[in-house]
Amino acid sequence: MKEKQNTLILSKGASRWRRLASFCLQGTLLVVTSLSLVAVLFIIYYIARDAWPFFQLNGLKEFFTSTHWYPSRHPEEFGALSIFVGSGLVTLTSILIAVPLGIAAAICLSDILPFHVRQMVKPVIEILAAIPSVAFGFFALVVFAPLLQSNGGTFLTIAFLIMAFPVSTIGLMIISKLLADRFKKDAKAVRIGAFLLLAAPVAWGMIRVCHILIRIPINSGTNTLNVSVILAVMALPTIVSVAEDALQSAGRELREGSYALGATRAETIFKVVIPAAGSGIIAAVILGVMRSIGETMVVWMASGNAAQIPDPWFNILQPVRTLTATIAGDMGEADQVTGSARYHVLFAMALCLLLFSFLSNLISEWIVNRSRKKLGLK
Amino acid sequence: MSIVLLAASLMILIGPIFINGSKAFIFRSTIEFRRLMLEEFARGSPERIEGEFNSCRQARQPVFAMLARFEADLDRMEYKEKSGYRKPFRELKDRLRLLLGPLPGEPEAVMLRQRFGQTRWDRALLCLREIQYQEEWDYSDSSSMGRKVYRPRIEEWRGTSIEPLFSYLSRNLDAMLNPKVTFYWRFLFDTSRDSHFFGGIWPEILGTFYLTIGTMIFAIPMGIIAAIYLAEFAREGGIVSLLRSCISTLAGVPSIVFGLFGLAFFINAVHLSRSKSVLIGSATLALLILPTIIRSSEEAIRAVPQTYKEAALSLGASPIRTVFTVIIPAALPGILTGIVISMGRAAGETAPIIFTAAVSVGNPLKIWETLSQPTPALPWNIYNLATEHEAVDQIRHVQYGMVLTLVLLVLLLNLTAILLRARVSKKLHG
Amino acid sequence: MKLTIVLCLSLLLAGSVFGQKAEKIVIDGSTTVGPIAKAFAEYYMKNNPGVNITVSESGSGNGAKSIVNGSCQVASMSRLMKANEYEAAIGSEVLPVTHVVALDGIAMIVHPGNPVKKMTVDQVKQVYLGKIANWKQLGGPDKPIIIISRDTNSGTYETFEGKVMKGEKIAKNCEYVGSNGAIRQRVQSTPNALGYVGIGFIDNTVKALEINDVYPTPETVRKGTYPIARPLYMITNDYPKMGSHLYQFVSMYLTKKGQEIIEEIGFVPVTAY
């Protein structure tokens with residue numbers, strides 16, 4: 001990347017008047033630009049200012065460790081642990097769904113698919129990214145939730161098959177290749193034999209799982225699963241485009257060098273390109289996390305809003321409550337006039353969200369900068 | 001493979017929205033709909049509608065006659081028999097009122113939704129089904145919830161003068177309601193009547209429009225100036241890298257935090273307006289999209305070839321003149337692309353406007369009112385109608401229509417951006 | 001480019017042609033009273049074209065807050081103001097005057113496919129405490145009970161908590177939704193659900209249960225035999241000036257038309273004795 005030449009700095013011969021005018025102008029521009037800095041500072045200040053009274057009144061312990069969220073009782077209880085867990089669970093599940101799909105899609109887009117297919121797919125991704133979140137939420141509530149409720153088992157089975165089939169196929173191929181290398185005999189026959197041999201028990205296992213899944217009733221369609229799938233669809237465009245940019249910026253030379261050394265396409269992708277773009281991919285994942293955790297409308301409409309830690313914790317078929325939905329929903333009762341704890345606790349939650357997004361941002365920038373330095377400012 | 005999943009999910013998402021949303025615009029409407037249009041919006045020719053309504057009235061006459069006959073019979077019945085029929089008869093009349101509108105001889109109802117029969121043919125058919133079949137639940141299976149069973153209601157009325165009513169209704173419903181396919185494009189321009197039961201979504205569209213324009217008024221100047229500074233005048237150093245990380249931080253803040261900030265700062269601290277208003281909503285949304293505009297404008301400005309600048313400077317133009325007369329026009333398509341995409345984002349965001357600008361019901365605002373009054377807006381009203389309305393399933397078509405409108409609006413803006421971008425790359429790459 | 005500018009300007013002009021309202025009344029508050037407020041507003045605006053009435057439904061608590069800080073003229077609430085709200089009002093020199101516009105009962109609703117017909121108040125409490133978790137304990141099939149409640153910014157919730165839960169905590173796995181309409185929608189699409197709504201929201205897509213052997217109807221609410229009943233309020237800052245639009249709006253519940261509207265929505269007019 002070329003260093004931007006600043007051709008607008010005045011030469012030494014310019015008159016003082018001109019210099020002064022230019023200085024003032026640059027100063028004004030700087031002031032306007034620093035509005036964003038001012039905005040960030042103001043946001044932190046005002047949110048912290050309204051969050052501080054809560055911590056003054058109630059302290060940190062209850063907020064972060066108790067799971068009893070009863071803000072309208074007397075005495076009030078503000079244990080937000082289950083809400084934090086809810087946010088975390090929803091984000092985790094959606095990332096688990098979105099990251100493999102997103103990275104696979106990015107790899108396909110940058111390395112495998114021909115150019116004109118890429119040109120067709122990019123608009124699809126952009127359209128998916130542009131759809132407003134309330135439309136997603138509407139879909140989740142009106143179409144997806146009843147679907148889950150009436151055909152719960154079927155949906156779970158189909159999702160399981162979609163996830164497990166490619167994973168198991170690839171896994172089996174890898175294992176059979178390893179075995180064939182071990183034996184060093186007629187490679188192809190051994191490979192195919194091993195594949196078939198292992199395929200049978202794996203397929204049987206998958207069928208058993210399907211049988212179990214199809215019987216599970218989903219009692220309530222507004223639960224973690226619903227929200228996670230929709231959030232994954234929302235986060236995918238972000239992950240795909242940032243990851244693809246990262247993969248592209250790894251540069252043709254790297255790929256050509258690898259091919260010149262005799263590597264196959266798969267080897268190039270997995271051993272050369274991905275590690276080179278590693279930091280960019282991690283940045284993409286972090287961006288996806290930030291999108292999922294900050295989403296409000298979808299979770300407000302479709303997560304069930306039950307302030308509980310599901311039992312067991314990974315039970316994604318139960319409703320949960322997230323930080324963003326609590327802020328949006330509870331603001332109605334917030335009584336700023338009397339300075340009640342209910343109003344301030346919402347700001348406390350917003351502060352936590354804000355701090356988390358700052359941290360993620362810092363981490364992703366640090367990772368990108370570090371890898372840039374490693375690759376020599378590439 | 002994952003691409004296929006992506007495309008499939010897009011189809012699954014958009015499909016129902018388009019299909020059901022178009023039903024808000026194109027549907028078979030009945031005579032009741034045309035009468036409503038005439039009375040409430042003064043649309044259509046009174047003579048033609050009166051003529052249609054007269055023929056419908058003729059078709060309905062036998063129904064009313066049967067009802068009247070049964071009333072007379074009821075008076076003559078024994079007490080025991082009478083009490084058995086009284087409640088079902090009242091319910092039957094209620095359902096007929098839902099289908100056909102007020103029965104003759106009744107005082108005019110106050111609420112608009114009770115002054116007309118069904119305006120949509122598909123709902124009219126549902127009503128007819130309601131009349132003809134009793135939805136009962138078969139609780140015999142004690143291990144699961146009841147099963148729905150449809151029992152024809154005609155059984156209850158055997159031997160009375162109501163009995164021929166049911167078959168008459170099903171045979172003559174189209175004569176009574178006169179359905180015709182209508183393209184209700186005015187859905188976009190009518191205000192809603194009787195909390196969205198009838199009418200259109202104009203206040204919401206206008207509100208979204210005001211919010212978007214207001215956001216742009218706030219964000220474009222600040223964004224472009226910041227982009228110019230960062231691209232042309234800034235020297236890489238401590239302050240500038242601090243500014244850059246601030247911009248990317250601002251981009252990562254969750255949207256609801258912006259909403260809370262708008263509440264805490266613009267309403268409570270600065271008192272920009274006494275209550276919620278479009279002004280405050282626009283300011284909040286402007287903060288939200290500022291990073292996007294700065295980033296895309298900066299990219300566009302950087303993409304302008306060096307030669308343009310050098311040529312201008314060599315002709316003796318001052319730096320600031322160069323910027324405004326040469327660089328900005330050259331970068332304009334790129335900047336516009338960024339602006340249009342941000343407009344799409346601002347139009348679709350809900351969380352920042354919940355506390356700052358949105359109400360559920362209100363009249364379309366005049367321009368000067370936007371400084372101090374809140375407004376209904378498409379994203380917020382979609383949420384409101386889908387969860388908080390009192391008759392959610394009866395106005396499904398309105399909800400879908402709103403979602404369709406919003407999605408189409410955003411898609412249109414994005415398509416414009418894509419086309420602009422294609423033009424830019426053609427220009428810059430010869 | 002020029003075309004876009006022209007288009008924008010013409011849209012703005014078009015926007016300014018619609019809506020020629022001068023005086024405004026802002027109503028904020030309960031989602032239970034919301035349908036009444038909206039119907040009153042529409043009726044009033046029809047007969048008085050110079051007035052613009054906006055209605056938001058964000059919860060009784062929000063209505064109280066808005067009237068105290070002056071951002072609305074009428075707060076619709078389904079509960080009385082709490083002590084600290086009164087204090088805040090007096091502190092801001094707002095004198096809350098409460099008008100009772102209608103009576104309401106809180107009905108427990110289930111999916112119509114649910115065979116259970118009645119419960120006692122105590123059973124409802126046990127279910128919401130989490131102690132009764134399966135329909136078979138109430139005489140229904142062997143299915144888990146999904147409890148749904150209003151979000152805590154709601155007056156309906158406060159009434160339910162006061163009259164049924166009597167101050168005890170609702171179980172943690174209870175789902176929360178934002179309005180009466182949302183509860184009804186959840187219950188009608190979830191066979192195992194149990195929720196509560198105002199009686200104006202009962203229709204034939206859900207089934208209301210008899211509580212303590214009394215079925216929730218306008219008659220039983222009016223007579224006081226239905227155990228979970230309450231008035232619905234509209235609060236103004238001091239009594240509105242006689243003859244002003246606000247005065248006429250707020251006293252609409254006393255007129256015949258107003259009462260017809262209330263009845264048509266499904267609530268109980270105050271004067272229906």
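Is Glu93 of chain C buried or exposed? In this predicted model, Glu93(C) is exposed, with a relative accessible area of 72%. That residue is a good doorway into chain C, and from there we can walk on to chains B and A.

**Two positive phi values in chain C**

Glu93(C) sits in the loop between helix H4 (83-91) and E4 of chain C. Its phi is near 60°, a positive value in a residue other than glycine. Asp238(C) also has a positive phi, of about 65°, although it is not a glycine. You will find Asp238(C) in the loop between strand E11 (229-237) and helix H9 (245-250) of chain C. With a relative accessibility of 39%, Asp238(C) is partly exposed, because that value falls between the 20% and 50% cut-offs.

Asp238(C) also leads us to Val97(C), a residue of strand E4 (residues 96-110) of chain C. Although their positions lie 141 residues apart along the chain, the C-alpha atoms of Val97(C) and Asp238(C) are separated by 5.4 Å. Leaving out residues up to four places away in sequence, Val97(C) touches Met234(C), Ile235(C), Thr236(C), Asp238(C) and Tyr239(C).

**Helix H7 of chain C and its partners**

Now turn to helix H7 (residues 180-189) of chain C, which holds Gln185(C). Gly181(C) belongs to helix H7 of chain C too. Which residues does Gln185(C) contact, leaving aside its neighbours within four places in sequence? They are Leu141(A), Ala386(B), Val392(B) and Arg396(B), so Gln185(C) has contacts in chains A and B. Gly181(C) touches Thr387(B), Glu388(B), His389(B), Val392(B) and Phe201(C), again not counting residues up to four places away in sequence. Val392(B) thus appears in the contact lists of Gln185(C) and Gly181(C). The C-alpha atoms of Gly181(C) and Gly195(C), 14 residues apart along the chain, are separated by 11 Å.

The table gathers the accessibility of the chain C residues discussed here.

| Residue | Relative accessibility | Class |
|---|---|---|
| Glu93(C) | 72% | exposed |
| Asp238(C) | 39% | partly exposed |
| Gln185(C) | 10% | buried |
| Gly181(C) | 1% | buried |

**Chain A: overall make-up and domains**

Chain A has 15 helices and two strands. Of its 378 residues, 49% are buried. Among contacts between residues at least 6 apart in the sequence of chain A, 72% join residues at least 24 apart.

The domain assignment splits chain A into domain 1 (39-79 + 331-378) and domain 2 (80-330). How far apart do the C-alpha centres of these two domains of chain A lie? The separation is 29 Å. Contacts between the domains of chain A involve 31 residues of domain 1 and 25 residues of domain 2. Between them, the two domains of chain A bury about 2100 Å², with 71% of it on carbon and sulfur atoms. On the domain 1 side of chain A, Trp69(A), Met349(A) and Leu353(A) lose the most area to domain 2, together 25% of what that side buries.

**A helix to look at: H2 of chain A**

Helix H2 (residues 35-58) of chain A has 24 residues. From its first C-alpha to its last, H2(A) reaches 35 Å, close to the 34 Å expected at 1.5 Å a residue. Even so, H2(A) has a kink of about 30° at Arg49(A), shortly before the proline Pro53(A). Many positions in H2(A) can be checked for burial: the buried residues include Ser36(A), Ala39(A), Val40(A), Ile43(A) and Tyr46(A). Further along H2(A), Ile47(A), Asp50(A), Ala51(A), Phe54(A) and Phe55(A) are buried as well. Just after H2(A), Gly59(A) takes a positive phi of about 75°.

**Chain B: two domains**

Chain B is divided into domain 1 (28-183) and domain 2 (202-429). The C-alpha centres of these two domains of chain B lie 50 Å apart.

**How confident is the prediction?**

The model scores ipTM 0.83 and pTM 0.83. Chain B averages a pLDDT of 80, and 96% of its residues score at least 70. Among the elements of chain B, strand E5 (residues 192-193) has the lowest mean pLDDT, 74, while helix H10 (residues 278-302) has the highest, 87.

Chain C averages a pLDDT of 82, and 90% of its residues score at least 70. Over residues 15-21 of chain C, however, the pLDDT is below 50. Beyond near neighbours in sequence, that stretch of chain C has 21 contacts in the model. Where pLDDT is low, the predicted coordinates should not be read in detail.

Notes. Residues numbered from 1 in each chain as written. Chains lettered and ligands numbered in written order. Predicted model: local features only at pLDDT ≥ 70, side-chain atom pairs only at ≥ 80, totals over all residues. Heavy atoms only, no water. Helix = DSSP H or I, 4+ residues; strand = E, 2+ residues; numbered from the N terminus. Expected span 1.5 Å × (residues − 1). Bend = angle between axes of the 7 residues up to and from the residue. Buried < 20%, exposed > 50% of the residue type's maximum accessible area, 1.4 Å probe, protein only. Domains from an automatic or database assignment. pLDDT = per-residue confidence, 0-100. Contact = heavy atoms within 4.5 Å. Buried area = accessible area lost by both parts, 1.4 Å probe.
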